[in-house]
Amino acid sequence: MPNVYEFVPKSEYAPVKQRICSCLSRAVEILKEKEIYVTYSFVGSFNRNGEAFITRIKGGNKGFDFDINLYVERPSKEEIWNADYLREEIYNAIDKCFSRIGYDHPEDRTSVIRIKVKDRDNSRIIHSVDFAIFQNFYNDNEIIQKYSRKISNGQYTWELRGGKNSEADDKLEWLQENIGDDGDDNFDYSYREGLTLSDNLKNEYLKLKNNNEDENKASFQLYFEAIANIFNSWQQYIENNPCDDNEDLYD
């Protein structure tokens with residue numbers, strides 16, 4: 001039987017985010033004492049262009065997850081942090097701050113440091129957090145972000161990371177600039193009253209996630225597909241319904 005996904009309500013994930021931020025702020029202070037300066041941001045399902053698309057399997061035992069990028073300031077423009085040293089220091093800071101409030105000791109995975117909170121009585125994960133570590137590199141005056149990655153011999157290196165899609169970004173920007181929400185008559189076209197682009201994206205994303213049969217397809221790829229599907233749907237609708245004083249509202 002295929003998995004069925006559901007969105008996690010804000011009332012459930014928001015308090016978790018607050019606890020994560022509190023612990024992470026302490027970890028940042030610990031690292032600062034070693035002159036390692038770190039900022040961070042929530043990415044992935046927590047921040048899809050400012051919207052939260054946090055899902056979990058209905059009745060599943062893996063809970064929901066957060067993705068956080070840690071951005072580490074270089075020692076200087078001429079120097080970079082050694083990937084092995086930096087990974088160890090960040091691992092230790094995360095372990096010290098999160099294990100004291102019930103998280104398991106971190107897992108040192110290939111691309112991230114992962115922590116989990118478990119309901120051991122019911123053999124399930126309540127939620128997990130993945131920390132990816134980034135540092136800026138310079139290439140002909142262009143700034144490129146690389147992330148810390150474990151390689152086969154147990155050491156670490158800095159590599160480029162995928163997950164960007166300029167075509168999807170352009171399509172989403174077009175939708176935001178040309179399609180109004182909630183029957184907004186300031187646009188030539190808009191969703192009918194009570195509907196928004198955000199609603200449409202969430203519904204389409206969840207539909208794709210629940211019908212996905214490719215285990216190797218990442219959530220961000222499904223999100224890009226949702227954007228493309230909505231963009232194409234609007235293009236077809238506009239082609240079939242030339243604008244006439246905003247009388248045609250998309251359902």
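In this predicted model, the second largest pocket holds about 180 Å³ of space. Its lining is made up of 15 residues, and those that sit nearest the centre are Glu51, Gln176, Leu197, Ser198 and Leu201. Three elements give two or more residues to that lining: α3 (166-178), β10 (179-180) and α4 (197-211). Of these, α4 provides the largest share, with three residues. As for chemistry, the lining of this pocket is a mix, with seven nonpolar, five polar and three charged residues.

Then there is the enclosed space. The count of cavities of 30 Å³ or more comes to one, and the largest cavity contains about 40 Å³. Around it sit Leu24, Ala27, Val28, Leu31, Val38, Leu70, Ile90, Ala93 and Ile94. What kinds of residue make up this lining: nonpolar, polar or charged? Here the lining has nine nonpolar residues, with no polar and no charged ones. Two helices, α1 (10-32) and α2 (83-98), each supply at least two of the lining residues, and α1 gives the largest share, four residues.

Next come the charged pairs. Side chains of opposite charge can pair when their charged atoms come close. In this model the count of salt bridges comes to 16. Glu107 turns up in a couple of them: with Arg109, where the closest N and O atoms are 3.0 Å apart, and with Lys116, at 3.1 Å from N to O. How buried or exposed are these partners? Glu107 has a relative accessibility of 25%, so this residue counts as partly exposed. Arg109, at 36%, is partly exposed too. Lys116 has a relative accessible area of just 15%, and since buried means under 20%, Lys116 is classed as buried.

Another salt bridge pairs Arg149 with Glu159, and here the closest N and O atoms are 3.5 Å apart. Arg149 belongs to strand β8 (residues 142-150) and Glu159 to strand β9 (residues 156-160), so this pair ties together parts that are ten residues apart in sequence. Arg149 counts as partly exposed because its relative accessibility is 27%, and Glu159 is partly exposed as well, at 27%. Elsewhere, Glu6, Glu12 and Arg56 are joined into one network by salt bridges that share partners.

Definitions and conventions
Residues are numbered from 1 along each chain as its sequence is written. This is a predicted model: local features need pLDDT of at least 70, side-chain atom pairs count only at pLDDT 80 or more; totals for chains, interfaces and linings use all residues. Side-chain values use heavy atoms; hydrogens and water are left out. On a 1 Å grid over the protein atoms alone, a cavity is a set of points where a 1.4 Å probe fits but cannot get out, and a pocket is an open set with protein on both sides within 12 Å along at least five of seven lines; lining residues have an atom within 4 Å of a point. Grid points are joined across faces, edges and corners, and a volume is the space filled by probe spheres set on the points. Ala, Val, Leu, Ile, Met, Phe, Trp, Tyr, Cys and Pro count as nonpolar, Asp, Glu, Lys and Arg as charged, and the others, Gly among them, as polar. A salt bridge is a side-chain nitrogen of Lys or Arg within 4 Å of a carboxyl oxygen of Asp or Glu. Buried means under 20% relative accessible area, exposed over 50%, partly exposed in between (1.4 Å probe, protein chains only).
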